[in-house]
Amino acid sequence: MVHYKLSYFPIRGAGEIARQIFAYAGQEFEDNRIPKEEWPAIKPSTPFGQLPLLEVDGKVLAQSHAISRYLARQFGINGKSAWEEAQVNAVADQYKDYLNEVRPYFMVKMGFAEGDAEALAKDVFLPGFKKNYAFFANFLKSSGSGYLVGDSLTWVDLLLAQHTADLLAADGSLLNEFPQFKAHQEKVHSNANIKKWLETRPVTPF
Ligand code: GSH
């Protein structure tokens with residue numbers, strides 16, 4: 001049997017979607033959560049000096065989206081055709097652009113940088129959030145299935161649903177402009193395996 005080991009810090013962050021793909025697929029994996037103090041000794045041995053890392057029977061893969069794509073393909077949630085896969089990739093790449101756009105706000109909000117969180121929320125986060133969720137809404141509309149691409153769940157549904165859940169936990173009214181994404185989050189998180197993971201995963205602030 002294949003041994004999967006997912007190494008990341010003890011937070012959701014960039015490791016969470018790979019964990020959710022395992023959960024969705026009902027696939028056992030080693031959930032290796034590396035304490036911050038141990039990281040400097042490990043960092044030089046990793047492909048790009050960062051986490052997450054996936055090990056598949058000892059073979060190492062870095063970069064969170066590469067990991068998610070690989071796992072999603074293994075477990076059948078990477079799109080049902082080459083075209084759907086490309087659409088899934090487009091959503092994932094745009095999500096990364098969105099996160100880069102709003103990063104200054106989250107860095108301050110999470111206490112990793114100094115700054116005026118309120119001003120950044122108004123000037124950086126909200127415009128980026130509204131622009132990008134409007135883009136993503138077009139995918140929901142076009143699929144007509146309640147999922148972003150095609151007629152079934154793909155890993156970018158897990159990606160967006162987790163982000164929506166995090167936003168809702170921070171501010172319940174934030175999604176009022178995008179009720180379709182509240183519905184999307186509820187649909188994705190009502191999957192029995194995902195629901196169980198969300199209920200039993202370690203509780204972390206982000
Ligand atoms: N593009 C990479 C990915 O998506 O996997 C970014 C990974 C990344 O930023 N990892 C951070 C990290 O390893 C944690 S979220 N930080 C520790 C370091 O850079 O030493």
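**Stop 1: the largest pocket**

Select G13, A14, L99, R103 and M110. These residues lie nearest the centre of the largest pocket, which has 49 lining residues in total. Keep in mind that this is a predicted model. How much space lies in the largest pocket? It holds about 1800 Å³.

Next, colour the elements around this pocket. Five of them give two or more residues to its lining: α1 (16-25), α3 (64-74), α4 (82-109), α5 (117-143) and α6 (155-170). Which gives the largest share? That is α4, with nine residues.

Now colour the lining by class. You should find 30 nonpolar residues, 10 polar ones and nine charged ones.

**Stop 2: the two domains**

Give each domain its own colour. The domain assignment makes domain 1 out of 4-75 + 193-200, and domain 2 out of 82-190. Notice that domain 1 is written as two stretches of the chain. Select both stretches together.

How far apart are the C-alpha centres of the two domains? They are 21 Å apart. Now show the contacts across the boundary. On the domain 1 side there are 16 residues in contact, and on the domain 2 side there are 14.

Go back to the largest pocket with these colours on. Why does it lie between the domains? Both domain 1 and domain 2 give residues to its lining, so the pocket lies between them.

**Stop 3: H65**

Select H65. This residue sits in helix α3. Is H65 buried or exposed? Its relative accessibility is 9%, and residues under 20% count as buried, so H65 is buried.

Show what surrounds the residue. Beyond its neighbours within four places in sequence, H65 is in contact with A92, K96, W155 and L159.

**Stop 4: the second largest pocket**

Select F22, A23, G26, Q27, F29, N193, K196, W197 and T200. Together they line the second largest pocket. Two elements give two or more residues to this lining, α1 and α8 (192-200). The largest share comes from α8, with four residues.

How much space is here? The second largest pocket holds about 150 Å³. Colour its lining by class too. There are four nonpolar residues, four polar and one charged.

**Stop 5: N191**

Move to N191. Where is this residue? N191 is in the loop between α7 (179-189) and α8. Its relative accessible area is 24%, so N191 counts as partly exposed.

Turn on the side chain of N191 and look for two backbone nitrogens. The first to pick is that of N193, which lies 3.1 Å from a polar atom of the N191 side chain. Then pick the backbone nitrogen of I194, which the side chain of N191 reaches at 3.0 Å.

Add L153 to the selection. Along the chain, L153 and N191 are 38 residues apart. Their C-alpha atoms are separated by 9.8 Å.

**Stop 6: backbone details**

Select L51 and P52. What kind of peptide bond joins them? The bond is cis, with omega about 15°. P52 is in the loop between α2 (39-42) and β3 (53-56).

Follow the chain to D57. This residue lies in the loop between β3 and β4 (59-62). Check its phi angle. Phi of D57 is near 50°, a positive value in a residue that is not glycine.

Go on to Q63, in the loop between β4 and α3. Phi is positive here too, near 80°, and again the residue is other than glycine. How exposed is Q63? Its relative accessible area is 40%, so Q63 is partly exposed.

**Stop 7: D93**

Finish in helix α4, where you will find D93. Its relative accessible area is 41%, so D93 is partly exposed.

Now draw a distance line from D93 to K59, C-alpha to C-alpha. How far apart are they in space? The two C-alpha atoms are 25 Å apart, while the residues are 34 apart in sequence.

Methods:
Residues are numbered from 1 along each chain as its sequence is written. This is a predicted model: local features need pLDDT of at least 70, side-chain atom pairs count only at pLDDT 80 or more; totals for chains, interfaces and linings use all residues. Side-chain values use heavy atoms; hydrogens and water are left out. On a 1 Å grid over the protein atoms alone, a cavity is a set of points where a 1.4 Å probe fits but cannot get out, and a pocket is an open set with protein on both sides within 12 Å along at least five of seven lines; lining residues have an atom within 4 Å of a point. Grid points are joined across faces, edges and corners, and a volume is the space filled by probe spheres set on the points. Ala, Val, Leu, Ile, Met, Phe, Trp, Tyr, Cys and Pro count as nonpolar, Asp, Glu, Lys and Arg as charged, and the others, Gly among them, as polar. Domain bounds come from an automatic or database domain assignment. Buried means under 20% relative accessible area, exposed over 50%, partly exposed in between (1.4 Å probe, protein chains only). A polar contact is a pair of N or O atoms within 3.5 Å; within protein, one must be able to donate a hydrogen and the other to accept it, and residues adjacent in sequence count only if both atoms are side-chain atoms. Contact means heavy atoms within 4.5 Å.
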